[in-house]
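Q: Please take a close look at the sheet in this model and at what packs around it. I would like one connected account.

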Amino acid sequence: MSERTNANLLAQNKIIFSIILSFACLAILLAAPMDSSAQLLSACVFLVGMAFATRETTFYHKYRHVFRMFTLIIGIALTLRYLIWRSTNTLTAPDLLSLIAVWALFLAEIYAAITHILGCLVNAFPLIRPELDLSEFDEEQLPSVDIMVPSYNESEDILEITLRSALMLHYPKNKLNVHLLDDGGTLQKRNQSDENKAKEAKDRFADLNKLCIRLGVQYHTREKNEFAKAGNVNSAIENTNGDLIVILDADHVPTADFLDKTVPWMIKNEKVFLVQTPHFMANPDPVERNYFSAFTRMPSENDMFYGTIQKGLDYWSSSFFCGSAAVLRRTHLGLVGGISGDSITEDAETAFDLHKLGYESVYVDRPMVSGLATETFDGFIVQRMRWAQGMTQILLLKKPFLESRLSWYQRAGYMSSILFWLFPFSRVVFMLMPLAYLLLDLQVYHASLIEILAFAVPHVVATYMISTLLFGRTRWPLVSELYEMLQCTFTLKAIIKVFIKPREPSFVVTPKGESLDKTFISPLSNVFYWLTALLAIANVAGLYRLINEPLTRDLTVVVLLWNSFNLIMMFGLLSVLIEKKQIRTHSRLPAFDRMSLLDSLGNSFEGHLLDLSVGGAKIQLAVTPTIKVSDTPKLVGWSESAQAKVILPCNVKQVDEEKKQVRLVFAPKSEQQMNEVIGYSLGDSNRWKSFQRRRTREIPYWYGVKHVLKVSMKPFLTHIYLGLKQYNKK
């Protein structure tokens with residue numbers, strides 16, 4: 001037996017021992033009868049043990065996974081202990097309305113606990129796959145690839161960048177075909193009764209045909225707009241024959257090495273039907289832009305899913321198709337009739353249909369496709385409502401929890417992803433229950449202060465500790481709560497519609513590339529104004545009760561703190577509803593490449609990039625220039641996409657002599673130069689990887705809390721100012 005085998009067995013034995021020890025502690029926690037004081041003492045001991053174990057998981061040593069398992073199991077034990085206590089000691093009420101409120105809160109807590117435990121299971125062992133490339137394969141071994149770019153209403157400018165990047169992928173050109181799938185120029189749209197809309201469709205059809213001819217891309221459309229994106233892709237699948245199919249959303253720009261890093265997984269294992277990669281957003285979503293203004297410092301919403309959860313799902317053979325930035329095998333798609341269309345989340349549904357046939361998926365954790373996040377809060381909500389409705393449809397129509405052809409852990413993986421989207425039910429309950437007690441005097445929680453300290457507080461603390469352990473690098477404290485509070489009132493209504501009529505929802509295209517030429521208040525703000533007012537009134541009522549009702553003071557203190565937390569979060573999220581003016585067409589991201597500026601007289605200015613986009617760049621010069629930088633220099637730098645030096649014509653926008661910085665706008669004068677600009681600015685995945693690495697960092701919990709508190713009051717005053725300003729204009 002080899003040394004490596006012995007080492008692996010030893011490591012496995014240590015993990016098994018830690019699991020046995022943790023389950024022993026779990027059994028003691030759940031079974032031992034204790035009064036509140038003993039429970040508080042034992043919970044404190046376990047929380048201290050969790051804190052020590054969590055700290056040890058941050059160091060790379062042989063016991064790291066042992067401490068990780070210990071933390072997860074003890075944390076789950078504290079949650080289960082809390083639920084057992086809740087079910088046996090607190091579900092009483094003096095009247096029917098209070099009893100309804102009590103059970104509504106308890107069911108919301110059960111839901112939260114189930115999703116928490118499933119999350120612990122899914123993310124216990126995130127899989128980090130080695131990077132493969134095509135260098136070990138002969139060209140004859142490489143499969144043919146069809147790149148498909150489905151489009152509906154996206155602008156020609158957005159589409160052109162994506163199509164040009166797809167054409168520049170590092171792959172044999174005789175085995176690569178790029179297709180634009182235009183659902184905005186279908187025969188149905190060109191012949192519709194509305195003459196203006198028919199003309200728009202005809203113009204789009206003509207313009208995109210010209211674009212495809214100019215670029216050497218195949219244009220596809222169809223007769224009718226049936227089954228939305230799934231129908232669009234399936235129509236193209238019937239008219240193409242590549243071995244592999246790559247789907248890219250209209251705004252999703254691939255880096256040059258996308259096929260180099262993904263196709264090898266398809267060649268090595270014929271059972272693999274999917275290789276999924278992250279969706280890297282090149283611009284901030286409304287929360288990142290309007291709330292934190294920390295796009296380059298704080299992990300995005302995507303980072304939590306693609307940086308942690310998909311790797312956890314991959315370990316359990318449950319990583320699923322996310323609609324874009326993925327490679328699919330044509331023969332396997334044929335077994336399920338192409339892209340599935342029973343739900344409006346056709347991507348996850350397709351993966352589910354193929355997983356249950358025994359085929360496998362692979363998740364490659366390298367950002368190689370940059371896309372656009374929704375610019376406005378309105379667009380953000382449209383997108384999230386579609387995701388929530390689609391996952392609920394899969395729950396109701398496909399019933400993954402009953403699918404015997406899936407392994408138990410695959411069912412757990414799918415249920416974890418699906419049940420997450422039911423969060424509006426629990427989030428709304430958690431917001432309304434303090435109001436029920438403080439304003440309506442409903443007895444929503446029957447417990448003393450010592451019982452809450454002994455059972456509830458350890459459960460909450462353990463949950464946050466586990467969240468930090470699993471997602472500390474990809475989600476800042478309290479940000480998940482903020483995202484859920486922003487979405488819950490809208491997505492709750494959308495989900496209820498699905499439960500009433502599961503097949504009713506229709507696919508709605510996510511708005512992208514919206515213009516923000518001025519600062520304004522989101523039209524969706526009214527519901528948050530009402531909630532803020534109710535929470536504020538409830539706090540006043542709580543203070544009154546605290547002073548005048550001493551017999552219930554303990555519970556009032558707890559509920560008042562709970563309501564104050566909701567109020568502070570509500571004040572903070574008001575900032576998301578202030579849509580800030582956005583001047584730049586293309587969002588610039590940090591870059592650090594060495595480069596030089598060359599003017600027409602042969603003068604060279606050495607330096608490095610500070611930021612970069614397809615529109616231009618900001619340069620830091622190495623030394624103060626002794627002569628003026630000309631207005632039309634050329635940027636000389638290494639292009640990873642072209643694997644060569646490129647010379648890009650530019651116009652100088654601004655020169656800061658004191659800081660030795662130059663702002664440039666790219667000015668390509670030919671098709672080749674346009675390709676070089678796109679390849680230089682968007683074709684290097686190492687840039688995206690470096691950018692993600694610097695913002696996926698763990699911060700102390702209290703730093704995150706302080707950050708949230710810091711930005712919580714100013715938005716309220718800004719809303720008043722903008723509201724009065726808008727009123728005066730009327």
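A: What follows goes through the sheet, then the helices on it, then the cavity. The model is a predicted one.

The sheet is open and has 7 strands, in the order E3-E2-E1-E4-E8-E6-E9, and its pairing is mixed. At its edges are strand E3 (218-220) and strand E9 (360-363), each of which pairs on one side only. On average, neighbouring strands of this sheet are turned by 25° against each other, direction ignored.

At one of these edges, E3 pairs with strand E2 (residues 176-182) in the parallel sense, over 3 bridges. Leu 180 has Tyr 219 in E3 as its bridge partner. In general, the strands of a sheet pair through backbone hydrogen bonds, and the pairing is either parallel or antiparallel.

Two helices can be placed against this part of the sheet. Helix H8 (residues 228-238) packs on the sheet and touches E1, E2 and strand E4 (244-247). The direction of H8 makes about 145° with that of E1. Helix H5 (residues 156-167) lies across strand E1 (145-151) and E2, and H5 runs at about 160° to E2.

As for enclosed space, the count comes to 1 cavity of 30 Å³ or more. The largest cavity has a volume of about 30 Å³. Its lining consists of Lys 229, Val 233, Ile 247, Phe 321, Gly 323, Ile 339 and Glu 346. Sorted by class, the lining of the largest cavity has 4 nonpolar, 1 polar and 2 charged residues.

Definitions and conventions: Residues numbered from 1 in each chain as written. Predicted model: local features only at pLDDT ≥ 70, side-chain atom pairs only at ≥ 80, totals over all residues. Heavy atoms only, no water. Pairing = 2+ DSSP bridges. Helix = DSSP H or I, 4+ residues; strand = E, 2+ residues; numbered from the N terminus. Axes fitted to C-alpha atoms, helices over the stretch in contact; angles between N-to-C directions. Contact = heavy atoms within 4.5 Å. 1 Å grid on protein atoms, 1.4 Å probe; cavity = no way out; pocket = protein on both sides within 12 Å on 5 of 7 lines; lining within 4 Å. Points joined across faces, edges and corners; volume = space filled by probe spheres on them. Nonpolar A, V, L, I, M, F, W, Y, C, P; charged D, E, K, R; others polar.
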